[in-house]
Structure formats: C-alpha cells, structure tokens
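Let's take a friendly walk through a protein model, with the sequence and the structure side by side. Have the viewer ready, and keep an eye on the strands as we go.

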Amino acid sequence: MPLLIDIRKLRVINQLIKAGAENAATSLGSLAGVDATVEIKSLSFVEPPDIGAQIGTETVYSASIRLKEPPYGIFLMTFYEETAAEMATLLTGTTVDGEFNQLQQSALQEVCNILTSGFVDGIANTLGTTIDMSTPTLKQACGDELADEMLSHVRVDSVSIVLDSIVDVTDQAEEFKIRLFLIPDPGAFVNLLDHLSVGEIDDDDTEADPVF
C-alpha cells in the first residue's frame, strides 16, 4: 500500500527541510571557518526501489546514517569525486593530487559528519526534540550497489525525499553539489506529520527559499 501524505503537510515538510539545510550550513561554516549557505534546488518524492536509478551508474561518494528515533529510517548523502576533492581542499588547504592523502580523507569524513548530523539536528531542533543517529559511514559505490546495501531493511511502502542542493561557500569561489535522501519509516513519518500543523513551525526560523 503506498504511503499517503496529506497535501496540506507538504509545507511542513518544506519547512523541516529548510531548517535542516540552514543548520547544516551553519555547522559547516563553524567547522571550516567560512560563511556557507545551503540552497535546495529541487525536492521530489521517489519510491525506494528507484533510488539506485536516481543516484546513477557512476561511482559516487556517499555518507549514510540510521536514525534511531522518529522518524527513524535512513539519511543518505551522495556527491561526485570532484565535490569530494573540493570539500577536502577547503578544510585542509591542500590540493588533492590523485588519491586522497590521510589528512584529506579525514577531512572529508569530518565534512560528511558535520553535514549529515547538522541536517538531522536542524530538523530535530525545529520539531523541539532530538533524533539520535548512528555515525556516518563514508564509502564509494554506484547507485545500485548503494541502494542494495543501504535499503535492504527499508519497507516497501516507504517514500524517499530527494533533495538536490548546492552548498555555497560565500567568501570563496566554492560550490558543492550534494544530493540528499531522507528515507523515513512510513508509519513514524506520517504520525509525526499528523501531529504537526504549519503554524507550529515559524517561517522566520529558516532562510532558504520555498521549494514547493
């Protein structure tokens, strides 16, 4: 049975996403000592079996975490090697020449930690709660391989919220293209939305432009 979401809750989802993006940018800015913003270029809903195709056949970097509290599920971030090199260079001040050295690899892992936890914490803060999560796992794989490994326990009636985003380092000529997948437990997610109204979340808490 497909997951049903009240159309009136789409604005709530939009506000949660904006809050996550803003908090992720703030966290990255604090880590790197720069000003950064996260712009959501597009938002869509796809079924979990289609995630592999969404990621594509090219090998990408990914960082994933499992949410241990509502809405449960998985948060997955993917980006290409060019973006990985740009992020590692930003944090280390050294140019990636071929393979990542140990310092650059550690920096990339830390960026992934900051962006994933920052995004989820931003959603939790807006909801006035906490969302416990696992430590992000950084790896390289193609779309089908990632989907098979990450989504083996995801329910067939789940839905994935897919975000195409740009992390803009405003005081430098850097833009990181990152794709985000939020795949919540369907029952917990619908229950969370059903107990929220648009008025409970202040538009002033977020700065990103609406995506709907």
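What follows looks at strand pairing, then enclosed space, then charged pairs. Please keep in mind that this is a predicted model.

**Strand β5 and its partners**

A good place to start is strand β5, which spans residues 160-169 and is mostly covered, with 8 of its 10 residues buried. Strand β1 (residues 36-46) runs antiparallel to β5, and 10 bridges join the two. If you want a landmark for this pairing, S44 stands opposite V162 in β5. Strand β5 also pairs with strand β6 (residues 174-183), again in the antiparallel sense, over 9 bridges. Here V167 faces F176 of β6 as its opposite number.

**Enclosed space**

How many cavities of 30 Å³ or more does a search of the whole structure find? There are 2. The largest has a volume of about 110 Å³. It is lined by 13 residues, and those closest to its centre are L16, P71, I123, L182 and F189. Helices α1 (10-32), α4 (102-127) and α6 (186-194) are the elements that each give two or more residues to this lining. By class, the lining of the largest cavity is made of 13 nonpolar residues, with no polar and no charged ones.

The second largest cavity has a volume of about 70 Å³. Its lining includes A21, A24, V38, M77 and L115, along with S165 and V167. Two or more residues come from each of α1, α4, β5 and β6. The class count for this second lining is 9 nonpolar, 1 polar and no charged residues. V167, met above opposite F176, is thus also one of the residues lining this cavity.

**Charged pairs**

The structure holds 3 salt bridges, set out here with the distance between nitrogen and oxygen.

| Pair | N to O distance |
|---|---|
| E39 and K41 | 3.4 Å |
| K139 and E149 | 2.5 Å |
| D164 and R179 | 2.8 Å |

In the E39 and K41 pair, E39 is partly exposed at 41% relative accessibility, whereas K41 is exposed at 52%. K139 and E149 meet in a salt bridge that links strand β4 (residues 137-141) to helix α5 (residues 143-150), the two residues being 10 apart. E149 is partly exposed, at 43%.

The salt bridge between D164 and R179 brings us back to the strands: D164 lies in β5 and R179 in β6, 15 residues apart. D164 has a relative accessible area of 24%, so D164 counts as partly exposed.

Conventions
Residues are numbered from 1 along each chain as its sequence is written. This is a predicted model: local features need pLDDT of at least 70, side-chain atom pairs count only at pLDDT 80 or more; totals for chains, interfaces and linings use all residues. Side-chain values use heavy atoms; hydrogens and water are left out. Buried means under 20% relative accessible area, exposed over 50%, partly exposed in between (1.4 Å probe, protein chains only). Helices (H or I, at least four residues) and strands (E, at least two) are DSSP runs, numbered from the N terminus. Two strands pair if DSSP finds at least two bridges between them. On a 1 Å grid over the protein atoms alone, a cavity is a set of points where a 1.4 Å probe fits but cannot get out, and a pocket is an open set with protein on both sides within 12 Å along at least five of seven lines; lining residues have an atom within 4 Å of a point. Grid points are joined across faces, edges and corners, and a volume is the space filled by probe spheres set on the points. Ala, Val, Leu, Ile, Met, Phe, Trp, Tyr, Cys and Pro count as nonpolar, Asp, Glu, Lys and Arg as charged, and the others, Gly among them, as polar. A salt bridge is a side-chain nitrogen of Lys or Arg within 4 Å of a carboxyl oxygen of Asp or Glu.
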